[in-house]
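Good morning, colleagues. Please bring up the sequence and the coordinates; I shall then go through strand pairing, the nonpolar core, backbone geometry and charged pairs in turn.

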Amino acid sequence: MEIDLDKINSGIVNEISFCEAVKFDDDLVKNTDIKSLENTKVNGKIYKDSSDGFVLDANLAGDMHIEDSISLDDVIYPFSIDIHENIEENLENNQNTIDILPILWQNIVLEVPLRYTKVNDYSNYSGDGWKLISEDEPRDKADNPFLELKEKFKEE
């Protein structure tokens with residue numbers, strides 16, 4: 001997504017606004033926890049700040065398909081990222097256009113959650129001698145195999 005900066009550089013306009021759907025290359029998604037991106041849209045502007053540096057001020061929103069942390073099913077994780085970034089270092093000397101797609105991608109990668117689940121009923125996740133419980137569920141002391149070790153440690 002290339003933005004032409006000629007009008008700002010020549011002083012014709014103070015800012016360049018844009019609102020577009022964004023499509024990322026499948027090679028970018030391949031090496032991440034993201035399965036796919038959908039409905040990704042960027043709405044923002046580029047302008048010069050008081051020190052004549054270019055600033056990107058935008059909102060990036062969409063849906064990322066990721067793996068549920070508990071069920072391992074694909075789930076949709078809606079995201080909305082506010083970006084306020086000085087993009088002067090992304091420009092080369094006398095460059096009149098800038099591709100903001102790499103900047104947008106960096107912000108998406110930072111937004112991927114480490115753990116995300118839509119599972120509400122943990123009773124389906126159990127096995128021989130184990131069961132998955134929520135953090136809010138009270139723990140039964142009789143079911144805790146480490147309680148006996150903890151008490152022996154206190155005795156020593």
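Strand S4, residues 54-67, is mostly covered, with 10 of its 14 residues buried. Please bear in mind throughout that this is a predicted model.

Which strands pair with S4? On one side of the discussion is strand S3, residues 34-48, joined to S4 by 12 bridges in an antiparallel arrangement. Within this pairing, Tyr47 has Val55 of S4 as its bridge partner. The other pairing is with strand S5, residues 74-86, again antiparallel, over 13 bridges. There, Asp63 stands opposite Pro78 of S5.

Both pairings are hairpins. Five residues lie between the strands in the hairpin of S3 and S4, where Asp52 takes a positive phi near 60 degrees. Six residues separate S4 from S5 in their hairpin, and Leu72 in that turn has a positive phi of about 65 degrees.

As background to the sheet, side chains in a regular strand alternate between the two faces.

I turn now to the nonpolar core. As a general matter, nonpolar side chains in soluble globular proteins tend to be buried together. How many residues does the largest nonpolar core have here? It has 33, and the residues with the most contacts inside this core are Ile3, Ile46, Met64, Ile98 and Ile108. The elements that contribute two or more residues are strand S2 (15-21), S3, S4, S5 and helix H3 (101-111). Of these, S4 gives the most, with six residues.

Ile3 deserves a closer look. Setting aside residues up to four places away in sequence, Ile3 touches Ile16, Phe18, Ile46, Asn96, Thr97, Ile98 and Ile100. Ile46 and Ile98 thus appear in this list and also among the residues with the most contacts inside the core.

Which residues of H3 are buried? They are Ile103, Leu104, Trp105, Asn107 and Ile108. The cover over these buried residues includes helix H2 (26-30), S3, S4, S5 and strand S6 (97-99).

Beyond H3, in the loop that leads to strand S7 (126-127), we find Val112. Is Val112 buried or exposed? Its relative accessible area is 16%, so Val112 counts as buried, the cut-off being under 20%. Apart from neighbours within four places in sequence, Val112 is in contact with Asp33, Ile34 and Met64. The C-alpha atoms of Val112 and Ile34 are separated by 7.5 Å, although the two residues are 78 apart along the chain.

Next, the backbone. Most residues other than glycine have a negative phi, and I would draw attention to two further points in that regard. Asn39, which is not glycine, has a positive phi near 50 degrees. Asn39 is placed in strand S3 and is exposed, at 60% relative accessible area. Leu72, already mentioned for its positive phi, belongs to the loop between S4 and S5. Leu72 counts as exposed because its relative accessibility is 52%, and the cut-off is over 50%.

Finally, the charged pairs. Side chains of opposite charge can pair when their charged atoms come close. A search of the whole structure finds four salt bridges, and I shall present some of them.

One of them joins the side chains of Glu15 and Lys45, at 3.7 Å from N to O. Glu15 is in strand S2 and Lys45 in strand S3, so this pair ties together parts that are 30 residues apart in sequence. Both partners count as partly exposed, Glu15 at 36% relative accessibility and Lys45 at 28%.

Another links Lys23 with Asp26, whose closest N and O atoms are 4.0 Å apart. Here Lys23 is exposed at 65% relative accessibility, and Asp26 is exposed at 55%.

A further salt bridge is formed by the side chains of Asp27 and Lys30, at 3.5 Å from N to O. Where do Asp27 and Lys30 lie? Both are in helix H2, three residues apart, which is about one turn of the helix. In an α-helix there are 3.6 residues a turn, so residues three or four places apart point the same way. Asp27 counts as partly exposed at 48% relative accessibility, whereas Lys30 counts as exposed at 60%.

To close, I return to S4: this strand pairs with S3 and with S5, and S4 gives the most residues to the largest nonpolar core. Thank you.

Definitions and conventions. Residues are numbered from 1 along each chain as its sequence is written. This is a predicted model: local features need pLDDT of at least 70, side-chain atom pairs count only at pLDDT 80 or more; totals for chains, interfaces and linings use all residues. Side-chain values use heavy atoms; hydrogens and water are left out. Buried means under 20% relative accessible area, exposed over 50%, partly exposed in between (1.4 Å probe, protein chains only). Helices (H or I, at least four residues) and strands (E, at least two) are DSSP runs, numbered from the N terminus. Two strands pair if DSSP finds at least two bridges between them. A nonpolar core is a set of buried Ala, Val, Leu, Ile, Met, Phe, Trp, Tyr and Cys residues joined through side-chain atoms within 4.5 Å. Contact means heavy atoms within 4.5 Å.
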